[in-house]
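Me: I've got a structure open and I'd like to go through it bit by bit. Can you help me reason it out?

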Amino acid sequence: MAFMYVTFTSLLVGGLMGLLQTFVRSGKYTLPFGIDYYTILTVHGVILGLVMTTFFIIGFQFSLMGKTVGLTDKQRKAAWWSFWIMLAGTIMASVMVLTGQASVLYTFYAPLRAHPVFYFGLALVIIGSWIAVFINFRQLYLWRKANKGQKSPLLAYMVTINMIMWVIASLGVAVSVLVLFIPWSLGYTATINVLLSRTLFWYFGHPLVYFWLLPAYMAWYAIIPKIIGGKILSDSLARLAFILLLLFSIPVGFHHQLTEPGIDATWKFIQVVLTFMVVIPTLMTAFSIFATFEATGRKKGYTTLFGWFRKLPWKDVRFLAPFIGMVAFIPGGAGGIINASHQMNALIHNTIWVTGHFHLTAAMTSVLTFFGITYWLVPHLTGRRLTPRLNKLGIIQSLTWTVGMLIMSTAMHIQGLLGGPRRSNFSEYAGGAQVDTWISYQMAQESADRFSSLPSS
Amino acid sequence: MKNKNPKPQHTKSNESTIHFKGTFIAVMLLGVIMVASWFGVYALFLSR
């Protein structure tokens, strides 16, 4: 539960910052007390992209591992260490961001320089997460020792794959923080290798989005079938999809750097191919989910082509929220293929299209699934019950989130295709004609954010 | 007679008798959406 408290406090703060940003970008509002736009943008990105997700995922994975392969008292103690170290790191980084000493956005690109404490905080979050990794590995190891010759439980297998991916990916951010950013921010080195720091960030940053996605896949493959009263189509297919995602994630970050000079075109090509390969486990997952739905519905007696669809438990928020997440992943995934295509990347690079894509995939696909998970995980952890009234409230929350995010991300996609920039404060850009085409979409984002963020928080 | 073989027998799963026509169409639709959106933005790229 401790991980969940941090998760949802982060959601409240991060959601509020998102709302403030859309106010500022619509040109109707100026931040009080001299607070900088880029400070709140950094808070939004760091606290939602890095803090909320990591805390949620590690907490969720601990509970899955505890349930499937067991958690010893010694491991539980170590898990608390992991939590406190991550929290200490989060507080250090957050204080620096909130006091305006680390307005470097969540990508912390050099040459933007933050206070050294920000980088130490990030390093602690990574170290804390590694403790969780080794506890999860140890949990599975002990289970396998006690159950020789048996196949490891599916969810424990999935958690392990996700954590292997996390370790490999986070090495990149650990190296960049320890070797490049900390010495530079302390003044021990006069310059920093910008290209290398960005490359190491994206070596981490793209597998990071798979690290958010795989827990959603865990729920889709292994938990949703139970909620709808069916069973997983194929255990082996699920395991293969996870293995493929792991293999295709090392390394895969160059598609974020397609416009970057200094990276050989061949390597860009190889990593673009690896990005495209992710279509395979993704479509395998889509196939498995549809097949689970269809098999469950047909067993209940629905014989028409899509009749089984009606039989799904639409009034159960534990199903509805993840289902909307799945649907959002259709345009989200399609947009990802566009982003990773070199020529089309030129069309959308650094535009707010990318932010729209990100809000479809992270804020809808992953986060709505996380909401759905929370609606059964929290009652399970606390020994309480999701009452029909709370279920109804959950449905309202999921739907307001959906409507808001849909309007916002659609507006962002369109504005991006019209050339609207991302990561930028309100500006009239010296009255350029192109700018006039953006403002209505900016307004749409503002009202959508007002609609969705706060009720959900 | 009791089966003495300790290995679990693979029984034919119920799924094999179920038609997955809806699943097939749904997954094909996903493919169409992906290709159509890609070509949509590609057309925009060519036109600029």
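Me: Where in chain A is the place of A:Pro111?

Reply: Sure, and keep in mind that this is a predicted model. The peptide bond from A:Ala110 to A:Pro111 is cis, with omega near 5°. Most peptide bonds are trans. As for its place, A:Pro111 sits in the loop between α3 and α4 of chain A.

Me: Which residue does a cis peptide bond join to A:Ile250?

Reply: For this bond, omega is about -20°, and the bond is cis. The partner lies in the loop between α7 (235-247) and α8 (265-277) of chain A. That partner is A:Pro251.

Me: Back to the loop between α3 and α4 of chain A: what is the phi of A:Leu105, roughly?

Reply: Most residues other than glycine have a negative phi. A:Leu105 is in that loop, and A:Leu105 is buried because its relative accessible area of 11% is under the 20% cut-off. A:Leu105 isn't a glycine, yet its phi is positive, at about 60°.

Me: And is A:Phe108 buried or exposed?

Reply: A:Phe108 also belongs to the loop between α3 and α4 of chain A. A:Phe108 has a positive phi of about 30° although it's not a glycine. Its relative accessible area is 2%, and buried means under 20%, so A:Phe108 is buried.

Me: How many aromatic pairs turn up over all chains, and what kind is the one formed by A:Tyr106 and A:Phe201?

Reply: Searching the whole structure gives 39 aromatic pairs over all chains. In the pair of A:Tyr106 and A:Phe201, the centres are 6.3 Å apart, with 75° between the planes. Planes over 60 degrees apart count as edge-to-face, so with 75° this pair is edge-to-face.

Me: How many residues apart are A:Tyr106 and A:Phe201?

Reply: A:Tyr106 is in the loop between α3 (73-98) and α4 (116-146) of chain A, while A:Phe201 is in helix α6 (residues 194-227) of chain A. A:Tyr106 is buried at 14% relative accessible area, and A:Phe201 is buried at 2%. The pair links distant parts of the chain, and the separation is 95 residues.

Me: Why is the pair of A:Trp166 and A:Phe204 edge-to-face?

Reply: A:Trp166 comes from helix α5 (residues 154-185) of chain A and A:Phe204 from helix α6 of chain A, 38 residues apart. Both A:Trp166 and A:Phe204 are buried. Their ring centres are 5.7 Å apart, and the pair is edge-to-face because the angle of their planes is 70°.

Me: Which residues does A:Ser398 touch, leaving out those up to four places away in sequence?

Reply: A:Ser398 is found in helix α13 (residues 388-417) of chain A. Its relative accessible area is 0%, so A:Ser398 is buried. The residues A:Ser398 touches are A:Val317, A:Ala321, A:Leu368 and A:Tyr375.

Me: Now for the two chains: how do α10(A) and α1(B) lie to each other?

Reply: Helix α10 (residues 317-340) of chain A and helix α1 (residues 21-47) of chain B have axes that come within 9 Å and cross at roughly 45°. The crossing of α10(A) past α1(B) is right-handed. Angles of 35 to 65 degrees are neither roughly parallel nor roughly perpendicular, so α10(A) and α1(B) are oblique to each other.

Me: What makes up the contact of α10(A) with α1(B): how many nonpolar, polar and charged residues?

Reply: On the chain A side, α10(A) brings A:Ile330, A:Ala334, A:Ile337 and A:Ile338. They meet B:Leu30, B:Ile33, B:Met34, B:Ser37, B:Trp38 and B:Val41 in α1(B). The residues of this contact divide into nine nonpolar, one polar and no charged.

Key. Residues numbered from 1 in each chain as written. Chains lettered and ligands numbered in written order. Predicted model: local features only at pLDDT ≥ 70, side-chain atom pairs only at ≥ 80, totals over all residues. Heavy atoms only, no water. Axes fitted to C-alpha atoms, helices over the stretch in contact; angles between N-to-C directions. Helix = DSSP H or I, 4+ residues; strand = E, 2+ residues; numbered from the N terminus. Parallel < 35°, antiparallel > 145°, perpendicular 65-115°, else oblique. Left-handed = near helix turned anticlockwise from the far one by under 90°. Contact = heavy atoms within 4.5 Å. Nonpolar A, V, L, I, M, F, W, Y, C, P; charged D, E, K, R; others polar. Phe/Tyr/Trp six-rings, centres within 6.5 Å; stacked < 30°, edge-to-face > 60°. Buried < 20%, exposed > 50% of the residue type's maximum accessible area, 1.4 Å probe, protein only.
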